[in-house]
Amino acid sequence: MKPRYLPFLFVLLTNAWITNSAFSQQTAKKIVAIKIAKPPKIDGVLDDEVWKNAPIATDFVELNPVAGRHEKKEERTEVKIVYDNSAIYVAARMYETSPDKIAQELTTRDNVANDDFIGFIVDTYHDGINGTGFYVTAAGVQFDAKYAPNPNGNNEDPNWNAVWQSKVKIDKDGWTAEFRIPYSALRFSKKDIQLWGLNMIRRRQVEQKQLFWNEIDPKKNGFINQEGDLVGIEKIVPPVRLAFYPYLSTYVNHYPYNTPGVKNTTNSFNGGMDVKYGINQSFTLDMTLIPDFGQVQSDNKILNLTPFEVKYNENRPFFTEGTELFNKGNLFYSRRVGGAPLNYSAVQANLKPGESIVSNPTETKLINATKVSGRLANGLGIGFFNAVTNAAYATIQDSTGRTRSFRTQSLTNYNILVLDQNLKYNSSVTLINTSVDRFGKDYSADVGGFVFNLNNKSNTYNFNGYGMMSNLFYPDKKASTGFSYEAAGGRSSGSFTWFLVEDLVDDRYNPNDLGILFNNNYFDHNINLQYANYKPKKFFTQWGMFSNTYYSRRYRPSAYQYLNENLGAYFSLKNFWQVNLNFGHQQQGNDFYEPRTAGRVYQAPAGNMMGFNINTNRAKRLHGGLFFRYRRFDRLNGYGFDIEPNFIMRISNKFSFGEDVTYTPRINNIGFSTKDTVSGNPIFALRNVQTVENIFNLKYTFNNVMGLTLRLRHYWSELNNHRYFDLAQNGALTDLTSVNFKHDNDQNYNAWNIDMIYLWEFSPGSQISIAWKNSSLTNNSNATQTYFHNLRNTLYEPQNNNFSLKVLYYIDYQNLRKKKA
């Protein structure tokens, strides 16, 4: 199933950039916050005295489905804001003609499903670039996020979490919400008179409406910059921001080794702590000591037939929260920290006669990690990241039973330093450096450079890019230095937008010790054109067209690689369905990577593609979509298609389930198979590849702080080779049928995972979680059975079962001080 709980604001702002836009106050709305002596009771009932005379923010304006349309009087939104010396308080009344129209599906924290919600987005430095959002659904579920610049589109960080209060109530007139946002959840400067940027967002799910207090023009470049003003806040003092998150966890793991001397069942007990400390009003230190990430979602393992590594999602909270500064320049792939040891694959080659591998850890142990980040009043953002992983060793045993250790990675330190300066017109320049220091005989790495994002005064044109240099320092040979750059520019506002992009990466540039780059040595150009129409038509509320043309050359020595052309259109229908159409053509090209041999090339065939994507009304109890794409290649009748149906069924506001099935056959597909054992020449194969990924999700939410989720995934990929070809020096293929070449490397790959988690937020910031993980992975040459045979066989394979209990407790320094007082 597609990720159900996508960063929700990205969905709302499909055609508007979140950041990096000109900041104009000419049409900005304004609301005055009133200082109070006695705080309101946060119960969702707006009967406190403080709300009676507070100014009202109203007249919200649609972004979707019809941009620019004002809300109806009977469905209006009214928001009031007050404050005291410790917090901001928000009261919101969302009118409805009937309570039955209010969508209120229960989820756990930070997840949004079929829900109405109200959000409060504040820009405390009034820079029009950075923001912090606090949201609550009509079911009382909280979610929060941070927003930061990104020239490539949305940069919402939904993993950022703060501790704050909210309550909602549903009545005959609609629903209400109350917020208490403590100053410890915000960063702001020490000024007697505060001027904050503000926008508020409401979603009415029944009509798929997204409305904003300060109007968002989808033709304009930006979101945070199109905010209103929050005034009246005076003489508040940033508090001491200090919080501790100690945890205890225990694990029981069972795998049927059934081998003498090896335990089938093992257990462990762990303890550690996260610390958040506000160094001053601008900067925050985040530290994790002896972290435990054992309950994060399992990776989506696949059969990788490409010459490149697989990029996995980051699911560890510490590495996903508050990392917007560290992601500048795309130099930080956090899975490197605590990932596979550098010399994991070298163990086999270092075996002596009669030796075997007893153990070879697939991950390194993270000892600690620290982040310091923030932004000064002059717009200078500073970020510092540091992490340390322990040395890793494989255990090798000889025929007599004696063992020895083989070091697969030294003690390693990972470091990032970022300086990010905001400029006028919502522009910015950034300096960034990453380094990986290995304390042993392994090499170390350093990558550094600059990033820029520049807008003109009218915010109609944008110029962005970066320049980077990498250095690999070896203990026994000369350092290797490489460079890369990207320059992009074009029209960023209006119905018609365009961008020209140039990328150059030389043959020595390598950021992969802390970043990820699938391949280097290329010189690419592309042009992107897009037209968007936001005027409702007979059947559409919005529609648009786009085209992309990509031309790529090998950089050194210079040679043509490929030319791809894509054309598409998208439509938002008045019945709230979404439709996308795509067409593409790929010219014959030169693939320098598929041969897996330096200096060799494969003449990749030309091909064509067409596809579509349909999504139904998400407000319905049963909704889903269908993705389809067909490809045909001009060689040996090769073709393939992708088909992906998915659905979600909402039984009630507490219980829902869904499934996403992807079927991707490749018929008469040509790709690298092996190397000739005598000459070492690359051997290609004509093959059929059948792949099915089946993901089933289920959730039952007891209330807005307690829920149970189940995710089941089965992945099957089968590869059958039919004919083999020798790769000639010019990249052509020579059929080896006449010489009766045989190589038994068919593959049948099955990956199975169950992730079930019970989560209870028993007090703000504190959680109890119970998890069950079940997994198996097989890869053999028995590629003759259907998907359902493989599913049945997988269920009978030896399974690894892992059960865990984790208790995380939130301790706030301010609360401790109040108790002592």
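How much area does the protein chain expose, and what share of it do carbon and sulfur atoms supply? In this predicted model, the protein chain exposes about 37200 Å², and 56% of that area is supplied by carbon and sulfur atoms.

Let me begin with the chain as a whole. Its secondary structure comes to four helices and 46 strands. The radius of gyration is 28 Å, which is close to the 28 Å that the globule rule gives for 821 residues, so the chain is as compact as a globular protein of that length. Taken along the principal axes, the C-alpha atoms fill a box of roughly 90 × 65 × 55 Å, and buried residues make up 51% of the 821 residues. If we take the contacts with a separation of 6 or more, 64% of them are between residues 24 or more positions apart.

I would like to turn now to one sheet. It is an open sheet of three strands in the order β18-β21-β22, and the pairing is antiparallel. Because β18 (356–359) and β22 (403–409) stand at the edges, each with a single partner strand, one side of each is left without a neighbour in the sheet. On average, and with direction ignored, neighbouring strands here are turned by 40° against each other.

Strand β21, residues 392–397, is joined to β18 by three bridges, and I357 has I396 in β21 as its bridge partner. Towards β22 there are six bridges from β21, and one of the bridge pairs sets A392 against Q409 in β22. The strands β21 and β22 form a hairpin with five residues between them, and in the turn G401 has a positive phi of about 100°.

As for the side chains, in a regular strand they alternate between the two faces of the sheet. Along β21 we can follow this residue by residue: A392, A394 and I396 point to one face and are buried, whereas Y393, T395 and Q397 point to the other and are not buried.

Finally, which residues of helix α3 (residues 787–796) are buried? They are Y787, N790 and T794, and, seen down the helix axis, these buried residues fall within an arc of 60°, so they line one face of α3. An α-helix has 3.6 residues a turn, so residues three or four places apart point the same way. What covers the buried residues of α3 includes the strands β40 (682–703), β41 (706–727), β43 (747–763) and β44 (766–780), while the face turned away from the buried side carries the exposed residues F788 and Y796.

How values were computed:
Residues are numbered from 1 along each chain as its sequence is written. This is a predicted model: local features need pLDDT of at least 70, side-chain atom pairs count only at pLDDT 80 or more; totals for chains, interfaces and linings use all residues. Side-chain values use heavy atoms; hydrogens and water are left out. Buried means under 20% relative accessible area, exposed over 50%, partly exposed in between (1.4 Å probe, protein chains only). Helices (H or I, at least four residues) and strands (E, at least two) are DSSP runs, numbered from the N terminus. The arc is that of the directions from the helix axis to the C-beta atoms. Contact means heavy atoms within 4.5 Å. Two strands pair if DSSP finds at least two bridges between them. Axes are lines fitted to C-alpha atoms, for helices over the stretch in contact, and angles run from 0 to 180 degrees between N-to-C directions. The radius of gyration is taken over C-alpha atoms; the globule rule is 2.2 Å times the number of residues to the power 0.38. Accessible areas come from the Shrake-Rupley method with a 1.4 Å probe; for residues, only the protein chains shown count as cover.
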